[in-house]
Amino acid sequence: MTDALPDLAGYVPPTHDTQHWTVRKPGASGRGGIVASQSRAAAEAGVSVLEAGGNAADAAVAAAFALATVEPWNSGLGGIGFAMVHRPGQPAQVVDFGPVAPAGVDPSAYPLTGRMKQDLFAWPEVKGDVNIHGPLSFVIPSSVAGYDLLRERFGTGMPVRDLLAPAVALAKRGLPQDWYTTLKIANSAKVLRLYDESARIYLPDGLPPVPPYQGSPGFFRQGRLPETLERLRDAGLRDFYEGGVAAELVKDFQAMGSVINAADLSGCRAAARDAVTIPWRGAFLLNTPGGLTAAPTLAAVVAEMDRVAASGAPDAAWYRGLARAMRAAYSDRLKGLGAAKETSETCTTHLTVCDKDGMMVSVTTTLLSSMGSRVVLPGTGVLMNNGMMWFDPQPGSANAIRPGARPLCNMCPVIVSGTDGTTPFLAGGASGGRRILASVYQMLAYQLDFGMDPEMAAHTPRIDVSGPDGASADRRLPDDVIGGLAQDGELEVVEHSVIPVNFACPNFIRSENGMQTGITDVLSPWSAALAARA
């Protein structure tokens, strides 16, 4: 006689997982310097500059321009950002090329529908989504100014021609037409199709480009971007703001109805200033950009976590303490600065560089949404940001749209030094909108408090808290951690996957005794940390 078969009438399907594998990402180590980037091609560009005698600032500039050609969904010439620079023996510096609204912006051009918009930020909805895509979503593109100041103030004097050579070569080759490109373009296709040049480049025959079923993926060019990079290579980077490139930009701005004008461009300058420091348990200093970034909120979390024990390995009590600290910090941030809850993917990039002499550079740069405004300017091939989306469209709010105003953003590049402030040894940051803060804090804590090296830290599961309510946890965390977090409020247990993006994408480099080690985000398929030859 056999046992009765189980009754499957009440079968409940299991939770759907998008990935059924264990992924590991190799780190890099050496004495000639490290470049860590969300694109291996950009890391290779930076390494080529280190090996040609450039320093960390030179390599960061070369890699950032390369990213404009190989990662158009995350950053580019039409973007904005912040960089941290720290030379051994000197205080850390900030290079600020953050978002600024055009002088001619008219708040009445963003009328409200009376509904809430569930896009990147849960702002009140604007008619036609003109603050989210299209020409009225642009803020002044300051990335080129930032890279120019980074090169001029902190580089070795390498010619612009050499720093842009990798980006020009990559632009002439074209964007890789592989599965990841297909995925990223498809994610923005609904809006890309509204703009002629964007659709022509990224939606051939009305559809995202796809790789061949077998063989090598191939490449495709991004409009006039190669010619624009060649022009900047030959005429200098200020040409973007005051020369031939600027004239082409203004021509397209006027034709499509953007309010950015020649005066906005010619007046665009990055600024260098001293870093804002945050003490870490009395043992280290975090050097941050401060101001309208995530740094003030990071400072609040660090101060609260000073009261939470951290030894051995992170445990349930530590994660619960972190979740509470972050919820409280976000409550204060959003109440005081007028920001709203993010509800979908942000597409930023982070780049970290250390040279053989221990100089460290940490750069976060963005177009804001995936592919920014989704508008490619036909005269230059520049994909423009949609930075107007950082502003609250409600008139009179703390973060309201105003001429020349600067909005709150979530970038948080950081460099860690000893308490003397002149000995940098750890640098990093992340992309991922409001998820950046949780990622950066945990990567710092894993290394500074729990003794992990960068590679181990990158492979350790994390939690995310992106606002005053609720949290999410990597399903790989121990049951007691997940159970403890669930006791304190709403908790979502999620995968750390390529898509959906549930956690930010960090990269970090550590430098000690002349040896550098680095790692990038494990689940970013194109990312890599590469070592230069000593």
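**Exercise 1. Find the empty space inside this predicted model: how many cavities of 30 Å³ or more does the structure hold, and what lines the largest cavity?**

Start with the count: there are five cavities of 30 Å³ or more in the structure. Next, take the largest cavity, which has a volume of about 210 Å³. Now look at its walls. The lining of the largest cavity comes to 22 residues, and those nearest the centre are Tyr180, Lys184, Val501, Cys505 and Ser524. Finally, sort that lining by class: you get nine nonpolar, nine polar and four charged residues.

**Exercise 2. Turn to the second largest pocket and work out which residues are closest to its centre.**

First, the volume: the second largest pocket holds about 290 Å³ of space. Then the lining, made up of 17 residues. Pick out the ones closest to the centre and you land on Trp21, Val23, Arg476, His496 and Leu523. Splitting the lining of this pocket by class gives six nonpolar, five polar and six charged residues.

**Exercise 3. Describe how helix α1 packs on α2: what is the angle, and which residues meet?**

Step one is geometry. Helix α1 covers residues 40-51, and its axis is 8 Å from that of α2, at an angle of about 150°. Roughly antiparallel is the term for angles over 145 degrees, so α1 is roughly antiparallel to α2. Step two is handedness: α1 passes α2 in a right-handed crossing.

Step three is the contact itself. On the α1 side, look for Ala41, Ala42, Ala45, Gly46, Val49 and Leu50. On the α2 side, they meet Ala56, Asp58, Ala59, Ala62, Ala63, Ala66, Leu67 and Val70. By class, the contact of α1 with α2 has twelve nonpolar residues, one polar and one charged.

**Exercise 4. Do the same for α2 and α3: where do they touch, and is the crossing left-handed or right-handed?**

Begin with the positions: α2 spans residues 56-70 and α3 spans residues 143-154. Their axes come within 8 Å and cross at roughly 160°. The pair is therefore roughly antiparallel. As for the hand, the crossing of α2 and α3 is left-handed.

Now list the contact. From α2 come Ala57, Ala60, Val61, Ala64 and Phe65; from α3 come Val144, Tyr147, Leu150, Arg151 and Phe154. Sorted by class, the contact of α2 with α3 has nine nonpolar residues, no polar ones and one charged.

**Exercise 5. Check the backbone at Pro500 and Asp129: is the peptide bond from Ile499 to Pro500 cis or trans, and what is phi of Asp129?**

Take Pro500 to begin with. The Ile499 to Pro500 peptide bond is cis, and its omega is near 0°. To place Pro500, go to the loop between β18 (491-494) and β19 (505-512).

Then move to Asp129. Its phi is near 55°, a positive value in a residue other than glycine. You'll find Asp129 in the loop between β6 (124-126) and α3.

Technical notes:
Residues are numbered from 1 along each chain as its sequence is written. This is a predicted model: local features need pLDDT of at least 70, side-chain atom pairs count only at pLDDT 80 or more; totals for chains, interfaces and linings use all residues. Side-chain values use heavy atoms; hydrogens and water are left out. Axes are lines fitted to C-alpha atoms, for helices over the stretch in contact, and angles run from 0 to 180 degrees between N-to-C directions. Helices (H or I, at least four residues) and strands (E, at least two) are DSSP runs, numbered from the N terminus. Angles under 35 degrees count as roughly parallel, over 145 as roughly antiparallel, 65 to 115 as roughly perpendicular and the rest as oblique. A crossing is left-handed if the near helix is turned anticlockwise from the far one by less than a right angle, and right-handed if clockwise. Contact means heavy atoms within 4.5 Å. Ala, Val, Leu, Ile, Met, Phe, Trp, Tyr, Cys and Pro count as nonpolar, Asp, Glu, Lys and Arg as charged, and the others, Gly among them, as polar. On a 1 Å grid over the protein atoms alone, a cavity is a set of points where a 1.4 Å probe fits but cannot get out, and a pocket is an open set with protein on both sides within 12 Å along at least five of seven lines; lining residues have an atom within 4 Å of a point. Grid points are joined across faces, edges and corners, and a volume is the space filled by probe spheres set on the points.
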